[in-house]
Amino acid sequence: MSRFDGTREEAERHDRADPLGFLRDRFVHAEPDLLYLDGNSLGRLPADTPEFVADVIRGGWGRGLIRSWNDWIDWNRQIGDRLAEHVLGARPGEVVLSDSTTVNLYKLAWAALDHAPGRRALVVDADDFPTNRYVAQGLARQRGLDLRVVHSDMDRGLDVESLRAVLDDQVALVVLSHVAYRSGALADMAAVNALAREAGALVLWDLSHAAGTVPVRLTEDGADLAVGCTYKYLNGGPGSPAFLYVRRSLQRRLRQPIQGWFGQRDQFAMAPGFDPVDTVDRFLTGTPPMLSTAALVPALALVEEAGVDRLRAKGRLLGELAVDLAARRLAPLGFRLASPEDPDRRGSHVTLWHPDAWRICRALADEAGVVCDYREPDRLRIGPSPAYTRFTDVWDALERTGRLVESGRHTRLPRAKARIT
Ligand SMILES: *Cc1c(COP(=O)(O)O)cnc(C)c1O
């Protein structure tokens with residue numbers, strides 16, 4: 001039996017009892033009536049961010065000029081340590097901000113492949129986020145390796161047994177996402193790490209859809225390597241710098257392919273040859289983008305104040321409400337759940353299948369004030385970020401979806417997809 005009764009009053013009760021309700025006002029809501037269920041693609045703007053970034057621009061850049069680098073030079077490591085402690089369950093000195101998720105994935109995958117020259121294969125999930133598959137394909141081609149593909153279920157996620165079937169003493173590296181971008185399926189990190197270790201392979205985790213909303217325990221779960229972005233549930237802003245994690249005991253044994261001066265020992269000695277520093281900084285490349293790094297500072301403070309465990313508890317309940325309402329209100333209109341049913345096996349987003357999902361998604365944004373994502377094939381992805389989404393927002397969004405589909409207004413839109421879905 002469902003734990004919900006389907007009424008809006010019940011959603012209102014959950015809002016009143018929400019221990020994180022206070023966080024909503026710490027974000028900018030430029031259109032109060034907009035129901036924004038896309039925090040898993042681009043998190044909202046924290047209210048403190050514009051002023052903080054303006055200070056870095058006027059004070060740091062405008063007045064401090066080059067002198068500000070004395071302070072700025074450490075930000076990517078300081079923020080990395082905060083991410084390690086509050087978001088990633090890692091130790092100080094294991095996480096640093098750098099480049100984009102895609103670039104970090106390439107750097108760490110390359111380093112891991114170099115580390116096991118006798119092994120001729122890497123493993124990727126056929127349903128992983130495209131950039132991960134493309135990077136893995138490129139690495140296999142560049143290095144003449146065998147790319148082994150696991151086929152996880154599009155809606156239910158990775159089955160550890162299918163991973164076991166492709167592992168042997170030829171596999172150097174496994175690349176996987178902790179939370180699947182399409183279905184929200186949550187992989188069993190500890191089990192995968194243990195399985196790979198048994199086969200002598202390293203695992204590189206992509207935490208983009210997990211960081212800031214699902215408790216990640218890299219140390220406890222025995223993780224080797226990880227990357228992830230900061231503009232989804234961490235609300236760092238469009239294109240904010242990504243993070244990378246390398247387990248301490250691996251750091252000195254790995255070398256990344258881009259020998260940049262930010263990875264150099266005694267950087268300003270300007271030595272003739274590259275000699276990477278012993279710390280996690282050896283995975284850095286060049287000058288960090290300070291303005292977008294600055295935007296992450298107030299955002300991270302909010303996640304720390306809320307605590308990922310509380311965010312997870314709320315995100316889970318928001319997801320359960322969405323699944324329950326979808327079954328009541330939307331299943332009769334042709335929708336079905338395209339995410340794991342068990343909330344313990346899901347991250348913070350929920351995906352619904354409908355044959356006309358693309359046009360419904362467009363019409364929701366254009367005519368109903370509901371922003372969510374369309375994802376191939378025929379899926380509507382609902383990402384109610386627990387930091388600022390109310391239970392009534394989820395209720396209202398699904399009700400507006402129901403009314404829209406009943407009205408048939410979406411069928412007036414063209415079937416052709418836009419450049420960005
Ligand atoms: C969002 C996302 C990315 C983004 O990579 P960028 O380099 O920032 O474009 C990568 N991997 C996954 C799994 C994602 O969800």
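Modeller: In this predicted model, a polar contact is a pair of N or O atoms within 3.5 Å.

Biologist: What makes the approach of the ligand to the side chain of T102 a polar contact?

Modeller: An oxygen atom of the ligand is 2.5 Å from an N or O atom in the T102 side chain. The limit is 3.5 Å, so the pair counts as a polar contact. With D206, a nitrogen atom of the ligand is 2.6 Å from a side-chain N or O atom, and this pair therefore counts too. The protein covers 86% of the 390 Å² of accessible area that the ligand has on its own.

Biologist: Why are T131 and K232 called residues around the ligand?

Modeller: The criterion is a heavy atom within 4 Å of the molecule. T131 and K232 belong to the set around the ligand, which also includes S100, F129, N132 and H209, so each has such an atom. Helices α5 (101-115) and α6 (130-143) each supply at least two residues of this shell.

Biologist: How many residues of the shell are nonpolar, polar and charged?

Modeller: The shell divides into two nonpolar, eight polar and two charged residues. D206 and K232 are in the shell, and Asp and Lys count as charged, so these residues belong to the charged group.

Biologist: What makes W358 of helix α12 a buried residue?

Modeller: Buried means under 20% relative accessible area. W358 is listed as buried in α12 (residues 357-367), as are R359 and L364, so its value lies under that limit. Cover for the buried residues of α12 includes β13 (379-382) and α13 (391-407). Just after α12, G369 takes a positive phi of about 65°.

Conventions: Residues are numbered from 1 along each chain as its sequence is written. This is a predicted model: local features need pLDDT of at least 70, side-chain atom pairs count only at pLDDT 80 or more; totals for chains, interfaces and linings use all residues. Side-chain values use heavy atoms; hydrogens and water are left out. Buried means under 20% relative accessible area, exposed over 50%, partly exposed in between (1.4 Å probe, protein chains only). Helices (H or I, at least four residues) and strands (E, at least two) are DSSP runs, numbered from the N terminus. Contact means heavy atoms within 4.5 Å. A polar contact is a pair of N or O atoms within 3.5 Å; within protein, one must be able to donate a hydrogen and the other to accept it, and residues adjacent in sequence count only if both atoms are side-chain atoms. Accessible areas come from the Shrake-Rupley method with a 1.4 Å probe; for residues, only the protein chains shown count as cover.
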